[in-house]
Amino acid sequence: MRHLRLIYMLCVALLMAACDEERSTSHTAAEPSDKRNGDLILWYDEPAEIWEEYLPLGNGRLGMMPEGGVRRDHIVLNEGTMWCGGRQKTSNRAALAALPKIRERLLAGDNRAAEELMRKHFTCSGGGSSSSDYGSYQIFADMFIETDVDTLAVRRYRRQLDLSTAVATTKFDANGVNYERNYFTSMADNVGVVQLLSSAPVSYRVWLAREERAEVKVVDGDITISGWLAGVGKQNGIGFYGRLRVVGDADVVVEGNTLRISNARNVTLLFSAATTYADEDIRSTVDGAIYRCSKFTAQPLRESHEEAYGELFNRVEIDLGNQRLDIPTNERLGRYADGGDVALAALYAQYGRYLLIASAHNAVLPPALQGIWANTTWCPWNGDMHLNINQQMNHWPLEVGNLAELIDPLTRYVEGLAESGEQTARDFYGAEGWCAHVLANAWYFTAPSEDPSWGATNTGGAWIALHLWEHYLYTLDKEYLSRVYPTLRGAADFLCSILVEDPASGYLVTAPTTSPENGFYLSDEDAEAGIVTHVCVGSTMDNQIARELMLAVADAADILSMDAAYAERLRATVKRLMPNRVSSDGRLMEWSEEYREAEPEHRHVSHLFGLYPAAQITRSEPELMEAARRTLEVRGDGGTGWSRAWKICFWARLGDGNRAQKLLRNLLEPAVTEWGHRGGTFPNLFCAHPPFQIDGNFGGAAGIMEMLLQSHDGTIALLPALPDSWADGSFDGLMARGNVEVSCRWEQGSVVEATLLTKDDRTVTLSANGEQREVALAANEKQTINF
């Protein structure tokens, strides 16, 4: 099929060169199109009914989600910087003055009094995320395509998303006419493209709409939409502008703000959009993209898009068995949750990589809680960049999934947080360096939130900064490390500035802080009364993050041959941090004291940061590994979608593939039930908190890859957590730390063959089938090892 497709595309190119007009098509709508990899298709046999059934498309800046409707097709349009609100004044003059009293109460064991002081004095001014000034990510607009189709006459309906091409398609027959719509957001040209094909001339009506703050009009035969989002106070915020053009051989008539298209067999809709968030001349940007692309027909636009997209996506292949292509994807979810359709895990892992490309490629901002997609003017949790797990999880599949260059939006974003966080460090802590807490948005919010019970954690900035170090560990790019070193050091400076000695233990701890977003009872009386406390000293997660960051900065200083005395000071400080400790019931302690949890099965498992994504709890410390296992047993296998995804990663690090797969089945259980939505997965494979949060998609994908390949403890481990049901399979192109590309094939649960590729001469330790061997690699030469 691959050769036939290439021949077909060549013929089309030659035909277009000879005659500058598009061909009309008459496809058989019920059959799947020829694809480079048929295993990489999500498909459905009816139009979407809820937004979480629409199919996501994106190029990092533009997003589209087509419904696949028959008579009226609704396409949700997004632009990655469509943020209302603006920079708030968050400084609180009372906070710094209250800090000594808060610490005094904490170190005396009066956590409740400390929390009350924080609630009164140690929160941001301006209302935080509860204020409209904080802002939210928003929908850009809605596109509607209407045609006169007898819905009762529709036959052989199919809509699909092909991950191998990043193209969505809707097909159906009605009254002897074949209809086909192809949708993609070009990775090469920054336009959204909708190609409308039919086997006979048909008519369409096309229009744009937005719920608020927008003007829609027709200019020179194109539909334009523009306006200003709400800013801070009563001021306008960012401006936005979009343009839609019809290209092709058809009659187009303007009717108010609608375009009526008639006698159409093959027409293309081009759409582009921009905001003033990072572009001062949005009209030139948008109009230029539309004018350039309107010179071409849909096919060359699609070819350039697929080429640019394929350069990223095609680096990795995962084979866990034959996909059930005869069953719609939404039905496959139920089968997988019940123990069948094992290969769906491979599709889900690749879907995570697809979503990351679609929301981070050439992006201005990193993917937020909903990636680049939104269908409302105010998203759940503001659609922001929460820093107590969510933004970090969004980037877990990036390095191992061979998408290293997609770190760029996050790198710029963390550098922006550091600039803002310097003032937060000074104003709230009188500290050096920079910090960020839980809340973060497009405006680089770094202050404590409006509620200390969940917003007082001050290691969010340090955690997200560790992704910059992780990028170096995978790529060994010293130029990049030199660039981000000041940001890493600034986060370490802050931690060194705020650590205090815990009189009860003598260790250095953070104070005040929390263990995100869990609480505890200070006494049995509190438990009976339901009085939950959150603020503490030295949460285990804080200790682990501080240890991880300080050692990273010290190692970075050594690599860059600078700051030798500072590096030694960091290593000395690390020795004084509170270590990981095991409680009397065998679990890893979450706090510095053995408090009774308010929610033993809480969705956050923050104190296992040291197990994953960090590498502080490894097989070299069996007591801590067992304590982590016991912690997870008590925490349970439920929780929100992203919580289940994190637990997949935990169990993979523990080497328990069957338990990791159980969590994967829980993650992929259908979220839509007759009783409403629950944690799991929506029909379009979006992760359900609920509502939709994309972090679970990325965490689940990372977890699957972690089951196949690990490299965090100095060895490249093949199939470290392989479930029994994945007895035969292969993967190609996953990345290990040290800039090593790894491919592997296995049979009956044992590695048969592995191939390694690196860019410089090095020796690595390879672990497989219960044995370890040293492998010498030559630069840019693939080496295959047979077992």
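**Exercise 1. Which residues point one way from strand 5 and which the other way, and are they buried or exposed?**

Some ground rules come before the solution. The model is predicted, so local features need pLDDT of at least 70 and side-chain atom pairs count only at pLDDT 80 or more, while totals for chains, interfaces and linings use all residues. Residues are numbered from 1 along each chain as its sequence is written, and side-chain values use heavy atoms, with hydrogens and water left out.

Solution.
- Step 1: Fix the terms. Strands are DSSP runs of E with at least two residues, helices are runs of H or I with at least four residues, and both are numbered from the N terminus. Buried means under 20% relative accessible area, exposed means over 50%, and partly exposed lies in between (1.4 Å probe, protein chains only).
- Step 2: Sort the side chains. A141, M143, I145 and T147 point one way, D142, F144 and E146 point the other way, and all are buried.
- Step 3: Check against the strand. Strand 5 covers residues 141–147, and 7 of its 7 residues are buried.

**Exercise 2. Find the strands that pair with strand 5, and give a residue pair for each.**

Solution.
- Step 1: Two strands pair if DSSP finds at least two bridges between them.
- Step 2: Strand 4 (residues 72–79) is antiparallel to strand 5 over 6 bridges. Here H74 has F144 as its bridge partner.
- Step 3: Strand 9 (residues 192–209) also runs antiparallel to strand 5, with 6 bridges. E146 of strand 5 stands opposite R205 in strand 9.

**Exercise 3. Describe strand 8 and the two hairpins it takes part in.**

Solution.
- Step 1: Strand 8 spans residues 177–185, and 9 of its 9 residues are buried.
- Step 2: V177, Y179, R181, Y183 and T185 point one way, N178, E180, N182 and F184 point the other way.
- Step 3: Strand 7 (residues 167–174) is joined to strand 8 by 7 bridges in the antiparallel sense. T170 stands opposite R181. The hairpin has 2 residues between the strands, and N175 takes a positive phi near 55 degrees in it.
- Step 4: Strand 8 and strand 9 are antiparallel, with 7 bridges. N182 has Q195 as its bridge partner. This hairpin has 6 residues between the strands, and N190 in it has a positive phi near 55 degrees.

**Exercise 4. Locate the cis peptide bonds at P613 and P690, and the positive phi values at L685 and N739.**

Solution.
- Step 1: Y612 and P613 are joined by a cis peptide bond with omega about 15 degrees. P613 sits in the loop between strand 19 (596–597) and helix 17 (622–635).
- Step 2: The bond from H689 to P690 is cis, with omega near -10 degrees. P690 belongs to the loop between strand 23 (687–688) and helix 20 (695–708).
- Step 3: L685, a residue other than glycine, has a positive phi near 75 degrees. L685 is found in the loop between strand 22 (680–681) and strand 23. L685 counts as buried because its relative accessibility is 1%.
- Step 4: N739, also not glycine, has a positive phi near 65 degrees. N739 lies in the loop between strand 26 (729–736) and strand 27 (740–747). At 16% relative accessibility, N739 counts as buried.

**Exercise 5. Where does E306 lie, and which side chain does it contact?**

Solution.
- Step 1: E306 is part of helix 5 (residues 298–313).
- Step 2: Its relative accessibility is 5%, so E306 counts as buried.
- Step 3: The side chain of E306 makes a polar contact with that of R302 at 2.7 Å. A polar contact is a pair of N or O atoms within 3.5 Å; within protein, one must be able to donate a hydrogen and the other to accept it, and residues adjacent in sequence count only if both atoms are side-chain atoms.

**Exercise 6. Compare the radius of gyration of the chain with the globule rule.**

Solution.
- Step 1: The radius is taken over C-alpha atoms, and the rule is 2.2 Å times the number of residues to the power 0.38.
- Step 2: For 787 residues a compact globule would have a radius near 28 Å; the chain has 27 Å, which agrees.
- Step 3: The C-alpha trace spans about 80 × 70 × 55 Å along its principal axes.
- Step 4: Buried residues make up 63% of the 787 residues. The chain has 20 helices and 31 strands.
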